[in-house]
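Grab a pencil and work through a few exercises on the structure shown below. Try each task yourself before you read the solution.

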Amino acid sequence: MNYQTRSRSDIARRVAEDITEGTYVNLGIGLPTQIADFLHADKDIFLHSENGLLGMGPAPAEHERDSELINAGKEFVTLLRGGSFFHHGDSFAMMRGGHIDLCVLGAFQVAQNGDLANWHTGTPDAVPAVGGAMDLAVGAKKVYVTMEHITKKGEPKIVEYCTLPLTGIGCVSRIYTDLAVIDITPSGLAVVEMVEGLSLTELQNLTAAPLHIA
């Protein structure tokens, strides 16, 4: 192996590079929340949380934590000047009404046509916890996914067809992994970039759906 995989922070930083000024963004629980720490302070980007926040900033220093300022993942956040609080129902109205430009979610599987599975591992004893992911998957104008390219068992997470319960159908536009950035297009999975030293053949061997260079 002649390549270095991206860390979760590296993935978050890479997504932050692609978020344009003036965008209303929802960051999903887990890895996506780290994106807030890498957004340029001179860009007006409006972060939304489904528990009723708009205008979040990066994570606070430990001594600045406020128990009443948390995101949907119960993580401490900051509120930028002009930020606001509102009812949970209003927050979901924003999500379902098409008012969120971009949502970034984690995933267990993404299919080559953009189907998303991110709320259930398929194990019999797993507790169903879809949260607002279904609302975001269909309500956001664009959906990005952040995840490791393969599971801890070495199984591909980018597949021809999802075998886990779906969150949304054909909703994902772009995938950011520890190995590559991949667009979902009408002609299939288009590799936008790969980590240095990784070949397309090696990436294809870790992906259960056909790839081509964008």
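**Exercise 1. Work out the order of the strands in the three-stranded open sheet, and find its edges.**

Solution. Keep in mind that this is a predicted model. Reading across the sheet, you get β7-β6-β9, and the pairing is mixed. Now look at the two ends: β7 (116-117) and β9 (158-159) each have a single partner strand, so one side of each has no neighbour in the sheet. Next, zoom in on how β6 meets β9. Strand β6 covers residues 109-111 and runs parallel to β9, with two bridges joining them. In that pairing, A111 sits opposite V159 of β9.

**Exercise 2. Trace the open sheet of 10 strands from one edge to the other.**

Solution. Go strand by strand: β4-β3-β2-β1-β5-β8-β10-β11-β12-β13, again with mixed pairing. The edges are β4 (79-85) and β13 (211-213), and each of them pairs on one side only. From one strand to the next, the twist averages 25 degrees. Then add a helix to your sketch: α1 (residues 8-17) lies across β5 (102-105), β8 (142-146), β10 (172-176), β11 (180-185) and β12. Its direction is at about 135 degrees to β10.

**Exercise 3. Follow the chain from β11 through β12 to β13, and say which pairings are parallel or antiparallel.**

Solution. Start with β11 and β12. They make a hairpin, with two residues between the strands. Their pairing is antiparallel and spans six bridges. One spot to check is A180, which stands opposite M194 in β12.

Now move on to β13. The chain leaves β12, passes through helix α4 (residues 200-205) and arrives at β13, and this β-α-β crossover is right-handed. Strand β12 (residues 188-194) and β13 run parallel, joined by three bridges. For residue-level checks, L189 is opposite L211, and A190 has H212 as its bridge partner.

**Exercise 4. Describe the largest pocket: how much space lies in it, and which residues are closest to its centre?**

Solution. First, the volume: about 580 Å³ of space lies in the largest pocket. Second, the lining: 26 residues line this pocket, and those closest to its centre are G28, I29, G30, G106 and N118. Third, sort the lining by type, which gives 13 nonpolar, nine polar and four charged residues. When you sort, remember that Gly counts as polar here.

Note on methods. Residues are numbered from 1 along each chain as its sequence is written. This is a predicted model: local features need pLDDT of at least 70, side-chain atom pairs count only at pLDDT 80 or more; totals for chains, interfaces and linings use all residues. Side-chain values use heavy atoms; hydrogens and water are left out. Two strands pair if DSSP finds at least two bridges between them. Helices (H or I, at least four residues) and strands (E, at least two) are DSSP runs, numbered from the N terminus. Axes are lines fitted to C-alpha atoms, for helices over the stretch in contact, and angles run from 0 to 180 degrees between N-to-C directions. Contact means heavy atoms within 4.5 Å. On a 1 Å grid over the protein atoms alone, a cavity is a set of points where a 1.4 Å probe fits but cannot get out, and a pocket is an open set with protein on both sides within 12 Å along at least five of seven lines; lining residues have an atom within 4 Å of a point. Grid points are joined across faces, edges and corners, and a volume is the space filled by probe spheres set on the points. A crossover is right-handed if, with the strands pointing away from the viewer, the path from the first strand over the helix to the second runs clockwise.
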